[in-house]
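Visitor: Could you take me through this model step by step, with the cut-offs stated as we go?

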Amino acid sequence: MLNIRDRMIQLLLVVVLFGGWELGVKAGMIDPFFFPSPLSIGGKVVEWVSDTSFYRHLNITVLETVLGYVVGTLLGVVIGVWLGLARRAARILDPFIKAINAIPRVVLAPVFVLWLGLGLWSKVALAVTLVFFITFFNALQGVREVNPVILSNSRILGASRFDMLRHVYLPAAATWILSSLRTSVGFAVVGAIIGEYLGSSAGLGHLIAQSEGNFDAVGVFAGIVVLAIFVLVIDTLLTWLEGRLITWKPKDGQERPA
Amino acid sequence: MSAYPRPVAADATTPRPLNSQPKVRIDNVTMSFGAFTAVRDVNLTVADGEFLAIVGPTGCGKSTILNAIAGLLKPTKGSITLAGKPVNGVSHDVGYLFQQDALLPWKTVEQNVELGLQFRGVAPDERARQSRAWLEKVGLKGFEKRYPHQLSGGQKKRVQLAQALIVNPEVILMDEPFSALDIHTRHLMQSELLRLWQENRKSVVLITHDLEEAISLGDRVVVLAAGPASTVVDSFSVDLPRPRNVAEIMMDPQFMDLYRKIWSSLKTEVEKSYAQHP
């Protein structure tokens, strides 16, 4: 826990950083064409937020992110758990998975635009390719790293294959999967934004691209700020969800010595 | 004065029928892993109601034998029968007490104890009734909703004991179950185990490197040779009266006598083992 003094230091850092920036712009030492003043960026954000058309962009980005996230995560968990259990299939598919994972996902964006058009689905597809592998590798690892003693014990206690999946593998992998869920949220946003940035008619990425086209650095920075807040909100939601789902893990300092 | 309650068993004085069909029969079993042979030509039987302790130097393949009885490992040669049936695949008729923590950390104490019944399709209220009874038996009443990480080492062992015994197994297998516990907790758990065992006298196979534990718990102590290619070298019958007080039994002259006899056999093997892996 942070105490009040630490909080004050954090606040001081923010004031020094942004105050210095603002003063630097005012004093003419920083070129506002490249680094617009924090106040003007804040003003732009407020201007956007109070304009209803902004929410159309926000909604589209949220929709793309959520769809990409959900589809990518589901595919990742299902295929990851499957290959974690099916050793032979995993051995056979391993080089293909590595090869696909080696492709920088951003270069797939034009391919998806070609296949799926400039609308929603090309962005969802890009987000899926980014999210999938993170969840996939974590689910795979989670299933493979189950304590062998627990596996033996459950088998002797009479667990069927389905019992093993439900009572042993999935709960064991859940910690890994949940931690990957938080990492992959950022990637889902990246997928959606890059897709929009490269070609779209709406969304936060579209706003940034538009501002950039007008040499409007304030707009670009305002877009970045909005995105950061966006990701923070989702991350907070997931932290809360994780706390609700994994109740069996020791919280810090709660572990008993053997 | 005894620090532990003296258990009272109805059949403490009556001899057990050792002539009936053996519960576990190990016939000429050889266990190899690639070029490495852990145990070779092991012959061993465990009578109904017999408490068999197996001792041997580290790395002599004690656990391998236990895992073969449980069906977790398949013998390279030879056969194993359990209650008259050949072991083929993981056996559900054994209760296995592992050395390590084998509880499912994401389940509560109660859910862990119920697991074997749940896998057998027992109805939830019957499961709850039996698990409550077992938790009371092992002295963990009131801990039902705890998670394993909230328990001490001894408490976790008690949960494991209840988890293994609730399914009423034909044979109880124990792989150095108390070796990770401190000496006082270990003595407490050992007398607890004897108390539970005396209620219905299942056959037990206990693996240990602690000769004191082997003698104070077992009806018979078997000594295994130093590995690799370990085999049975000696078998000693322990005719100390039951119920026994594990914390004080080592002061008994009969105990010391047995200890000396078995140790002289075990010592040779331990020395051999040290010569191989100093």
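Visitor: What is the average pLDDT of chain B?
Guide: This is a predicted model, in which local features need pLDDT of at least 70 and side-chain atom pairs count only at pLDDT 80 or more, while totals for chains, interfaces and linings use all residues; side-chain values use heavy atoms, with hydrogens and water left out, residues are numbered from 1 along each chain as its sequence is written, and chains are lettered from A and ligands numbered from 1 in the order in which they are written. The score itself is the predictor's confidence in each residue, from 0 to 100. In chain B, 92% of the residues score at least 70, and the average is 86.

Visitor: Over which residues of chain B is the pLDDT below 50?
Guide: Where pLDDT is low, the predicted coordinates should not be read in detail. The stretch in question has 19 contacts (heavy atoms within 4.5 Å) beyond near neighbours in sequence in the model, and it covers residues 1–15 of chain B.

Visitor: Which ipTM does the predictor give the complex?
Guide: Two scores are given for the complex as a whole. The pTM is 0.77, and the ipTM is 0.85.

Visitor: How much area is buried between chain A and chain B?
Guide: Buried area is the accessible area (1.4 Å probe) that two parts lose on being put together, summed over both. The contact takes 25 residues from chain A and 29 residues from chain B. Carbon and sulfur atoms give 63% of the buried area, which is about 2400 Å².

Visitor: Which helix gives the most to the side of chain A that touches chain B?
Guide: Helices (H or I, at least four residues) and strands (E, at least two) are DSSP runs, numbered from the N terminus. Helix H7 (148–156) and helix H8 (161–198) of chain A each supply at least two residues of that side. The one that gives the most, with seven residues, is H7(A).

Visitor: How many salt bridges are counted between chain A and chain B?
Guide: A salt bridge requires a side-chain nitrogen of Lys or Arg within 4 Å of a carboxyl oxygen of Asp or Glu. The search of the whole structure finds 20 over all chains, but between chain A and chain B the count is zero.

Visitor: Which residue forms a salt bridge with A:Asp216?
Guide: Side chains of opposite charge can pair when their charged atoms come close. A:Asp216 lies in the loop between helix H9 (204–213) and helix H10 (217–245) of chain A, and its partner, 172 residues apart, is in helix H2 (residues 38–49) of chain A. With the closest N and O atoms 3.7 Å apart, the partner is A:Lys44.

Visitor: What is the phi of A:Phe215?
Guide: Most residues other than glycine have a negative phi, and most peptide bonds are trans. A:Phe215 lies in the loop between H9 and H10 of chain A. Although A:Phe215 is not a glycine, its phi is positive, at about 50°.

Visitor: Which residue does a cis peptide bond join to B:Arg242?
Guide: The omega of this bond is about -5°. The partner lies in the loop between strand S10 (232–237) and helix H7 (253–276) of chain B, and the residue is B:Pro243.

Visitor: What percentage of residues 124–147 of chain A is helix?
Guide: An unreviewed UniProt entry includes this span among its "transmembrane region" annotations for chain A; positions are in the numbering used here, feature names are shortened, and annotations may be inferred rather than shown by experiment. The end C-alpha atoms lie 36 Å apart, strand accounts for 0%, and helix for 88%.
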